[in-house]
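Below is a short note on the model, set out as numbered points. Please read it with the sequence and the coordinates open.

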Amino acid sequence: MKIELAKDRDGYTAKVAGRKNLFAFGYTKREALDELASVGAAELVSEQDVAMLEKRVHEYLHKLDNEG
């Protein structure tokens, strides 16, 4: 499950590659990723998929924390 984070006009868009319904917006990278985790919990049926998405979001947030 690959997460893509992109700069948007007013903030950032986070989405799961290959899943058209799994995307979120935030004014910061962290907000977009947190929102994506919430969307995933509501949209994904499998608990395993939800856990995987939460793991990927956590990894991305950890990477952001170490950048700056």
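Which residues does Val-50 touch, not counting residues up to four places away in sequence?

1. Val-50 touches Gly-40, Ala-41 and Leu-44 when residues up to four places away in sequence are not counted. Val-50 lies in helix α2. In space, the C-alpha atoms of Val-50 and Gly-40 are 6.3 Å apart, and in sequence the two residues are 10 residues apart. The relative accessible area of Val-50 is 15%, and values under 20% count as buried, so Val-50 is buried.

2. On confidence: the model is predicted. The average pLDDT of the protein is 91, and 99% of the residues score at least 70. Among the elements, strand β3 (residues 23-26) has the highest mean pLDDT, 96, while helix α2 (residues 47-67) has the lowest, 90.

3. The strands β1 and β2 come next. Strand β1 (residues 3-7) runs antiparallel to β2, and five bridges join the two. One of the pairs can be named: Ile-3 has Val-16 of β2 as its bridge partner. The connection from β1 to β2 is a hairpin through four residues.

4. Gly-18 sits in the loop between β2 (12-16) and β3. With a relative accessible area of 84%, over the 50% cut-off, Gly-18 is exposed. The C-alpha atom of Gly-18 is separated by 15 Å from that of Ala-6, a residue 12 residues apart from Gly-18 along the chain.

5. Helix α1 (residues 29-43) has the span that its length predicts: at 1.5 Å a residue its 15 residues should cover 21 Å, and the end C-alpha atoms are 21 Å apart. The buried residues in α1 are Ala-32, Leu-33, Leu-36, Ala-37, Val-39 and Gly-40. Around the axis they cover an arc of only 165°, and therefore lie on the same side of α1. What do the buried residues of α1 pack against? Their partners are β1, β2, β3 and α2.

6. Leu-36, in α1 and buried, has contacts with several parts of the chain. Neighbours within four places in sequence aside, Leu-36 is in contact with Ile-3, Ala-14, Lys-15, Val-16, Leu-22, Phe-23, Ala-24 and Leu-53.

7. The same check on α2 also agrees: for 21 residues at 1.5 Å a residue the expected span is 30 Å, and the end C-alpha atoms are 30 Å apart. In α2 the buried residues are Val-50, Leu-53, Val-57, Leu-61 and Leu-64. Seen down the axis, these residues fall within an arc of 70°, so they line one face of α2. Which residues are exposed on the other side of α2? Gln-48, His-58, Lys-63 and Asn-66 are exposed there. The buried residues of α2 pack against β1, β2 and α1.

8. Last, the core. In soluble globular proteins, nonpolar side chains tend to be buried together. Here the largest nonpolar core holds 18 residues, and those with the most contacts inside it are Ile-3, Leu-5, Ala-14, Leu-33, Leu-36, Leu-53 and Val-57. Two or more residues of this core come from each of β1, β2, α1 and α2. Leu-36 and Leu-53, both listed among the core residues with the most contacts, are also in contact with each other.

How values were computed: Residues are numbered from 1 along each chain as its sequence is written. This is a predicted model: local features need pLDDT of at least 70, side-chain atom pairs count only at pLDDT 80 or more; totals for chains, interfaces and linings use all residues. Side-chain values use heavy atoms; hydrogens and water are left out. pLDDT is the predictor's confidence in each residue, from 0 to 100. Buried means under 20% relative accessible area, exposed over 50%, partly exposed in between (1.4 Å probe, protein chains only). Two strands pair if DSSP finds at least two bridges between them. The expected span of a helix is 1.5 Å times one less than its number of residues. The arc is that of the directions from the helix axis to the C-beta atoms. Contact means heavy atoms within 4.5 Å. A nonpolar core is a set of buried Ala, Val, Leu, Ile, Met, Phe, Trp, Tyr and Cys residues joined through side-chain atoms within 4.5 Å.
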